[in-house]
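Please open the structure in your viewer and keep the sequence panel beside it, as this tour moves from one selection to the next.

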Amino acid sequence: MEVLSVLNLGEFPQMFSKIGMFPVFDLAYYIVSILYLKYEPGSVEVSRRSPVASWLCAMLYCFGSYILADVMLGSSPIDYFQHNSHILLASAVWYLIFYCPLNLFYKCVAFLPVKLVLVALKEVVRTRKIAAGVHHAHHAYHHGFFIMVIIGYVKGSGVALMSNFEQLLRGVWRPETNEILSMSFPTKASLYGAILFTLQEARWLPVSKGTLILIVTLFMATTKVVMTARHSHGSPFALIESWVCHLLFGSPLGGCEEDHHHHHHPPTSSPSSSLKTKEELSEGARKRKVKKAE
């Protein structure tokens, strides 16, 4: 305890929880979010064909969690757009990533060491958003614990829960990519984090909010950085979830992990294409038989 008092580490969680997110952390959040947008198939073509649609998609990637949470809490969906500095910063990042000459800005932020730092900073923002969402819902619905979890989950998940709507803006319809059907690690971590912050807000978790923010941030940032460095789409929760689903719901072991794998690696052929191939093979075999008979 004396060492902690000398180094002043005992107050570090509280100090960490009060660090301002704008502009450094928010900038990293916008860069990584729009970087992931550029990775989406067809996004570059949309940016050339319809810059307005591309900008709207970028704003959804950056502020989709605020929009969805405001709608669920009965506020205006465009309420967050009153923060001009945030909108301008995100718009500048969008322009540089998509339209910077020679793709210089994109190449710099996509460089793996730089990207890992940005990813870690983004997870700091994500954790803060989860905690803020739970706190906001707690004030609106003091005993609505499920509402607190939902709002915290929505705040942390970002545009993932609105992915199908965002795809429509780009002229794409892929309902199989619904995040609820196959959750990615950030979405699952946001849900579990929202549960922890709800328990803390209800005084059922004997830990201060600052300490919980620090713990959740370290876990999410470390895990996401490791996954990004290894180009992994797995989840550290997969084994536990597999056993829990097997015991409670009778799901096959490893079922959740397989679904997630298919979500990121869609099959190259659809059932209709495979059916067509069989028909073509049957037709070819029939023609060969006719030739032999002749």
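Helices here are DSSP runs of at least four residues, numbered from the N terminus. Bear in mind throughout that this is a predicted model.

**First stop: a pocket**

Which element gives the largest share of the lining of the second largest pocket? Select helix 9, residues 145–157, and you have the element that contributes that share, with five residues. Now add helix 11, residues 185–201, which also gives two or more residues to the lining. The full set to select is Phe145, Phe146, Val149, Ile150, Tyr153, Leu191, Ile195, Thr198, Leu199 and Trp204, and the pocket that they line has a volume of about 200 Å³. If you colour these residues by class, you will find nine nonpolar residues, one polar residue and no charged ones.

**Second stop: from helix 11 to helix 13**

Keep helix 11 in view and select Lys188, which lies in that helix, together with Glu241 in helix 13; the pair links distant parts of the chain, 53 residues apart. Glu241 and Lys188 form a salt bridge in which the closest N and O atoms are 2.7 Å apart, and both of these residues are buried.

Stay on helix 13, which covers residues 238–249, and select Ile240. Is Ile240 buried or exposed? Its relative accessibility is 58%, and because exposed means over 50%, Ile240 counts as exposed. Extend the selection to Val244, Leu247, Leu248 and Phe249, and you will see that together with Ile240 they form a nonpolar patch on the surface, with about 590 Å² of accessible area.

**Third stop: more salt bridges**

Side chains of opposite charge can pair when their charged atoms come close. In the whole structure, a search finds seven salt bridges. Select Arg170 and Glu40 for one of them, where the closest N and O atoms are 3.6 Å apart. Arg170 sits in the loop between helix 10 and helix 11, while Glu40 sits in the loop between helix 3 and helix 4, so this pair ties together parts that are 130 residues apart in sequence. Arg170 counts as buried at 8% relative accessibility, whereas Glu40, at 23%, counts as partly exposed. Add Glu166, Arg174 and Glu176 to the selection, and you have a network of salt bridges that includes Arg170 and Glu40.

Finally, go to helix 8, residues 112–140, and select Arg126 and Glu123, which are separated by about one helical turn because they are three residues apart in this helix. Their salt bridge has its closest N and O atoms 2.8 Å apart. Arg126 is buried, with a relative accessible area of 6%, and Glu123 is buried as well, with 1%.

Terms used
Residues numbered from 1 in each chain as written. Predicted model: local features only at pLDDT ≥ 70, side-chain atom pairs only at ≥ 80, totals over all residues. Heavy atoms only, no water. 1 Å grid on protein atoms, 1.4 Å probe; cavity = no way out; pocket = protein on both sides within 12 Å on 5 of 7 lines; lining within 4 Å. Points joined across faces, edges and corners; volume = space filled by probe spheres on them. Nonpolar A, V, L, I, M, F, W, Y, C, P; charged D, E, K, R; others polar. Patch = residues over 30% accessible without salt bridge, like charges linked within 9 Å, V, L, I, M, F, W, Y side chains within 5 Å. Areas by Shrake-Rupley, 256 points an atom, 1.4 Å probe, with all protein chains shown as cover. Salt bridge = Lys/Arg side-chain N within 4 Å of Asp/Glu carboxyl O. Buried < 20%, exposed > 50% of the residue type's maximum accessible area, 1.4 Å probe, protein only.
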